[in-house]
Amino acid sequence: VLLHRLANFQRVWSLPPNESTGKEVTALAWRPDGKILAFGLTDTKQIILCDVEKPESLHSFSVDSSITYMHWMEVTEESSVLTSFYNAEDESNLLLPKLPALPKNYSTTAKIFSEEKSDEIMKLLGDVRLNALVIGGNSGFIEIYAYGMFKIATVTGVAGSCRGLCLSSDLKSLSVITEIRDLSDSEAEITYFQASKLDTSLLSSYLPEVTRMARKFTHISTLLQYIKLSLTCMCEAWEEILMQMDSRLTKFVQEKNTTTSVQDEFMQLLLWGKASLELQALLMNQLTVKGLKKLGQSIESSYSSIQKLVISHLQSGSEALLYHLSELKGMALWKQKYESLGLDASGIEEAITAVGSFILKANELLQVIDSSMKNFKAFFRWLYVAMLRMSEDHVLPELNKMTQKDITFVADFLTEHFNEAPELYNRKGKYFNVERVGQYLKDEDDDLVSPPNTEGNQWFNFLKNSTHLKESPLLFPYYPEKSLHFVKRQMEGVIDQCLQKPADVIGKSVHQAVCMSLYKTSQSEDSTPQLFKLPFLWNDKTSNVHYVLFTILENSISKIYILRRHTDTSRSVSNGILAVEFGNFLNNSINESSDSRCYSCLDAHFYDDETVTVVLKESVEQEGKERVLAQLPLSSVYTDEDQDREFIWDSTKRLDEQSGEISTRTVFLENQWRVLENMKAQYVAVNGIRKVSCVLSSNLRHVRVFEMDVEDDGEVEEEEEEETT
């Protein structure tokens, strides 16, 4: 994906294909505010949302089908309820503390959360006004994502692979153009579906509720991402050096030829101050005084970074998640508003419970870190002095002081951590698990090697003996045997499950209103790239009309057809179809013959609600005949007399089989055209807001950018133009 500035074609960034995201981009869509670009990858079936300023994935999700088309629209509907919601949206910012930015020094941290200002997350959430990313794929796959992140509908009942989509800005109608391939037939058939009443009942009438629900869901998915990244940072902070103790002791067990256990060896050193020769060799030659110091420092710095991450990031992220889920549960309990959208209170209750279990697990990790830090400190201090004595170095008097309490502490540590476990050796290849923190950060389904000891814990005993509390919904379930990663995965699964239901419910409410078979594609056309082919869909926001542009080749001339459908399918007005052909407007044409139909349409795009931009070529291709870029005003096509001649559609036939009965307009363009010199133009892409159009050559190698509304004094040629190859 390459992004260029329009003004000077300077490259802003490029995103090369890579293994993890994918290699084949098949669809692009801009968020209506232009701050985020979404692109769909066919080989990995992923959608990536990318920041316009830097080539970074802000968010990505997988879909079930290869993506062929994407359309990102914004809801323009206004209502007092919506306005009050737009203003109240920030209440969570008042109640919740700001999420601390993740530390920058970890490689995996996506930049999105590590900026000094965590506004990146707000950039991803964007404006409060609802916008929806509609994704179409092969075999009738269509999904709608609110804010480009959260799936609010899975549309079923459309056949063929999607070639174009358009969701009206009042959410009342979804137009789809698909290509249906018949196995026996080499040519594909292009069909127009208007799945109107797409939720006319649901999405549009429950717009405030849908907006609010979708907004909550997007908050929840950004928080899940934040927690995931915090956990990744914790895994990075835990270093491999911390495993040294376990591996050295295991090696010691394998090599020693005495019968005393490692635990006894250390105990003897503690009590009599004398070590066996083997232990002495282990300590002095392998561990060394310098190594011991380094190990102590590593453990301390590593543990304290993990501790900070748990307290400031993991806990604040989980609390924010709990807040949003509880609000969602409140919404689900307001049944008359949210029940019909498929929000289910019991599912959200389970999600809240899962987040509770995750917070418990994070707390347990904090306790383990805390006790490990104390234990290791005392143990290393004692061992350091013992090793200095062995090497007959001078021991500083302040290090020499050891109270009875310290001795007991070290003895307890040795008893608890230094007993050999043959079954652990079979499982992990080591006899010891002195280091207890790493096991929580391992992303595996195995149980913890040394789960915390809950014996004698009064609360646990109380729970065990109480029949009523065991089943209480108020208590979060606790998984003493499982790692933090395991509980996080479980939590993500439950939350996904509870957010899945509305998409199915809303998707099932979509009914197909119209299905029209348009035309067969010809074989020759298939050699052109899939990317830019007509038909083109446009939604006129002010009058709520969908337009479909397509061309049908007749007698070697491509006429352009404009199909007009109202988004409210109950209305039968203005559902017209017209064919447009272009008369001879280049006066210098050699053959001033009576045949006025001189131009074939190659590509067409809506420039704005009143104008269509077209690329034309002369139907009699001669050397030196140039292609033409022209603006076609709809006012010259739709005149008042159209209302009388309504085209009667015979639904048993394809449109191209009854094209003779469609009224045709011959248009002579006055001055809104320009010859494209030295360029075999084929495709056009326009932006009416920025008043530009880009023309692409048939070999896809040349792009020309035109300013469309230049004030000129009859001199068309002064228009600024540039070409990039």
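Q: At roughly what angle do the axes of helix H8 and helix H9 cross in this predicted model?
A: Helix H8 covers residues 262–272, and helix H9 covers residues 277–287. Their axes come within 10 Å. The two helices are roughly perpendicular to each other. The axes cross at roughly 90°.

Q: How do the residues of the contact of H8 with H9 divide into nonpolar, polar and charged?
A: From H8 come Glu265, Phe266 and Leu269. They meet Glu278, Leu279 and Leu283 in H9. The division is 4 nonpolar, no polar and 2 charged.

Q: Which residues have the most contacts inside the largest nonpolar core?
A: Nonpolar side chains tend to be buried together in soluble globular proteins. Here the largest nonpolar core has 120 residues. H12 gives the most to this core, with 25 residues. The residues with the most contacts inside the core are Phe266 and Phe379.

Q: Which residues does Phe379 touch, not counting residues up to four places away in sequence?
A: Phe379 is one of the H12 residues in the contact with H14. Leave out residues up to four places away in sequence, and Phe379 touches Met245, Phe266, Val410, Phe413, Leu414 and Phe418.

Q: How many residues are in another core, apart from the largest one?
A: The largest nonpolar core has 120 residues. Apart from it lies another core. Among its members are Leu578, Val612, Leu616 and Leu634. This other core has 25 residues.

Q: Is H12 roughly parallel or roughly perpendicular to H14?
A: Helix H12 spans residues 345–390, and helix H14 spans residues 404–417. Their axes are 9 Å apart. The packing angle is about 110°. Angles from 65 to 115 degrees count as roughly perpendicular, so H12 and H14 are roughly perpendicular.

Q: How many residues of the contact of H12 with H14 are nonpolar?
A: H12 brings Lys374, Asn375, Phe376, Ala378, Phe379 and Trp382. H14 brings Phe409, Val410, Phe413, Leu414 and His417. Of these residues, 2 are polar and 1 is charged. The nonpolar ones number 8.

Q: Which strands stand at the edges of the open sheet of 4 strands?
A: The order is S3-S4-S5-S6, with antiparallel pairing. An edge strand has a single partner strand, so one side of it is left without a neighbour in the sheet. The twist averages 20° from one strand to the next. The edge strands are S3 (25–30) and S6 (57–62).

Q: Which residue in S6 stands opposite Leu49?
A: Strands of a sheet pair through backbone hydrogen bonds. Strand S5 (residues 46–51) and S6 run antiparallel, joined by 5 bridges. Opposite Leu49 in S6 stands His59.

Q: Is Gln46 buried or exposed?
A: Gln46 has its place in strand S5. Beyond its neighbours within four places in sequence, its contacts include Phe39, Leu41, Phe61 and Ile67. Its relative accessible area is 15%. Buried means under 20%, so Gln46 is buried.

Q: How many of the 10 residues of strand S17 are buried?
A: Strand S17 covers residues 557–566. Ile557, Lys559, Tyr561, Leu563 and Arg565 point one way, and Ser558, Ile560, Ile562, Arg564 and His566 point the other way. Both sets are buried, so the strand is largely enclosed by the rest of the structure. The count is 10 of the 10.

Q: What is the bridge partner of Leu563 in S18?
A: S17 has antiparallel pairings with two strands. With strand S16 (residues 545–554) there are 10 bridges, and Leu549 has Ile562 of S17 as its bridge partner. With strand S18 (residues 577–582) there are 4 bridges. In S18, the partner of Leu563 is Ile577.

Q: Is Leu171 buried or exposed?
A: Leu171 is found in the loop between strand S11 (161–167) and strand S12 (173–181). Its phi is positive, near 60°, and it is a residue other than glycine. Its relative accessibility is 3%. Leu171 therefore counts as buried.

Q: What is the relative accessibility of Leu700?
A: Leu700 lies in the loop between strand S25 (692–697) and strand S26 (703–707). Leu700 has a positive phi of about 65°, although it is not a glycine. Leu700 counts as partly exposed, and its relative accessibility is 37%.

Conventions
Residues are numbered from 1 along each chain as its sequence is written. This is a predicted model: local features need pLDDT of at least 70, side-chain atom pairs count only at pLDDT 80 or more; totals for chains, interfaces and linings use all residues. Side-chain values use heavy atoms; hydrogens and water are left out. Two strands pair if DSSP finds at least two bridges between them. Axes are lines fitted to C-alpha atoms, for helices over the stretch in contact, and angles run from 0 to 180 degrees between N-to-C directions. Buried means under 20% relative accessible area, exposed over 50%, partly exposed in between (1.4 Å probe, protein chains only). Contact means heavy atoms within 4.5 Å. Angles under 35 degrees count as roughly parallel, over 145 as roughly antiparallel, 65 to 115 as roughly perpendicular and the rest as oblique. Ala, Val, Leu, Ile, Met, Phe, Trp, Tyr, Cys and Pro count as nonpolar, Asp, Glu, Lys and Arg as charged, and the others, Gly among them, as polar. A nonpolar core is a set of buried Ala, Val, Leu, Ile, Met, Phe, Trp, Tyr and Cys residues joined through side-chain atoms within 4.5 Å.
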